[in-house]
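Open the model in your viewer and keep the selection panel at hand. The stops below go from residue to residue and from helix to helix.

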Amino acid sequence: MRLSSPRIAPVEDSALDEAQAALLEPIRASGRPILNIFRTLATAPAALKGFLGWGEYVLSQKNSLPAREREIVVLRIGWLCRAGYEWTQHVPIGKRAGLTEEEIAGIKIGADSGAWSPADAAILRATDQLHHDQFITDDVWKTLLDHLTRRQIMDLVFTAGQYTQVCMMLNSFGVQLDVDQSLDPDLKGF
């Protein structure tokens, strides 16, 4: 975690105004806990509303990138951004999407970890390029086209962009881990 305490405190239930409560109600009604990311973003209700809409696209089946491959992108961006909160939230999501412990460890290393098929390695290389240069080179694009449709490549870019923004918010706002979570030891000190 970059910060040991929040710069922007998550809004507690007792302090929610009407707009904040309305935005968080669908999460509450689903039976899921209201995570610190949402409680923090509730400080800016209009931004939270837009964030939830776009996030719903990226994390749903509307995103043409299969869930496993999407989670490779999300976790790699989280790792590259040293976003402990993001990494902690998405490791279990990645496992549910089919990633193995070995693959999750390989995400920390990248495309050359030896754990990857050619398709997965291309996804990791594209994600690294988007993180570092905000651009996918022609050679990586051509390799992606051997494994993904153009729409899936678009969704890869959308996913990397969404989670880069998420990591910026988490790191800069100091969003802390939720109850009963622990930070990956490899991310301590960032």
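Select F158 first; at 31% relative accessibility F158 counts as partly exposed, because that class lies between buried, under 20% relative accessible area, and exposed, over 50% (1.4 Å probe, protein chains only). F158 sits in helix 9; helices here are DSSP runs of H or I with at least four residues, numbered from the N terminus. This is a predicted model, in which local features need pLDDT of at least 70 and side-chain atom pairs count only at pLDDT 80 or more, while totals for chains, interfaces and linings use all residues. Residues are numbered from 1 along each chain as its sequence is written, and side-chain values use heavy atoms, with hydrogens and water left out.

Now show what surrounds F158. Leaving aside neighbours within four places in sequence, F158 is in contact (heavy atoms within 4.5 Å) with W54, Y57 and V58. For a longer span, draw a distance from F158 to G114: the two are 44 residues apart in sequence and 26 Å apart in space, C-alpha to C-alpha.

Stay in helix 9, which covers residues 150–173, and select D155. Is D155 buried or exposed? D155 is buried, with a relative accessible area of 1%. Outside the four places on either side in sequence, D155 has contacts with Y57, K62, N63, S64 and L65. Look at S64 in particular: its backbone nitrogen lies 2.7 Å from a polar atom of the D155 side chain. For reference, a polar contact is a pair of N or O atoms within 3.5 Å; within protein, one must be able to donate a hydrogen and the other to accept it, and residues adjacent in sequence count only if both atoms are side-chain atoms.

Next, colour helix 8 (residues 138–145) together with helix 9. Their axes come within 9 Å and cross at roughly 125 degrees; axes are lines fitted to C-alpha atoms, for helices over the stretch in contact, and angles run from 0 to 180 degrees between N-to-C directions. Helix 8 and helix 9 are therefore oblique to each other, since angles under 35 degrees count as roughly parallel, over 145 as roughly antiparallel, 65 to 115 as roughly perpendicular and the rest as oblique. The crossing of helix 8 and helix 9 is right-handed, the near helix being turned clockwise from the far one by less than a right angle (anticlockwise would be left-handed). On the helix 8 side pick W141, L144 and L145, and on the helix 9 side R150, I153 and L156, which they meet. These contact residues divide into five nonpolar, no polar and one charged. Nonpolar covers Ala, Val, Leu, Ile, Met, Phe, Trp, Tyr, Cys and Pro, charged covers Asp, Glu, Lys and Arg, and the others, Gly among them, are polar.

Keep W141 of helix 8 selected. W141 is partly exposed, with a relative accessible area of 30%. Apart from neighbours within four places in sequence, W141 is in contact with I136 and I153. The C-alpha atoms of W141 and R125 are separated by 9.7 Å, with their positions 16 residues apart along the chain.

Move to helix 4 and helix 7 (residues 118–133), whose axes come within 10 Å and cross at roughly 40 degrees. That makes helix 4 oblique to helix 7. This crossing is also right-handed. R68, E69, I72, V73, R76, I77 and L80 in helix 4 meet D120, I123, L124, T127, D128, H131 and H132 in helix 7. Here the division is six nonpolar, three polar and five charged.

Two backbone angles come next. Most residues other than glycine have a negative phi. R82, in the loop between helix 4 (67–80) and helix 5 (84–96), has a positive phi near 55 degrees. R82 is partly exposed, at 22% relative accessible area. D180, in the segment after helix 9, has a positive phi of about 65 degrees although it is not a glycine. D180 is exposed, with a relative accessible area of 80%.

Finish with N36, in helix 2 (residues 36–41). At 16% relative accessibility, N36 counts as buried. Which residues does N36 touch, not counting those up to four places away in sequence? They are P10, Y85, V175, Q176, L177 and D178.

Notes. Helix = DSSP H or I, 4+ residues; strand = E, 2+ residues; numbered from the N terminus.
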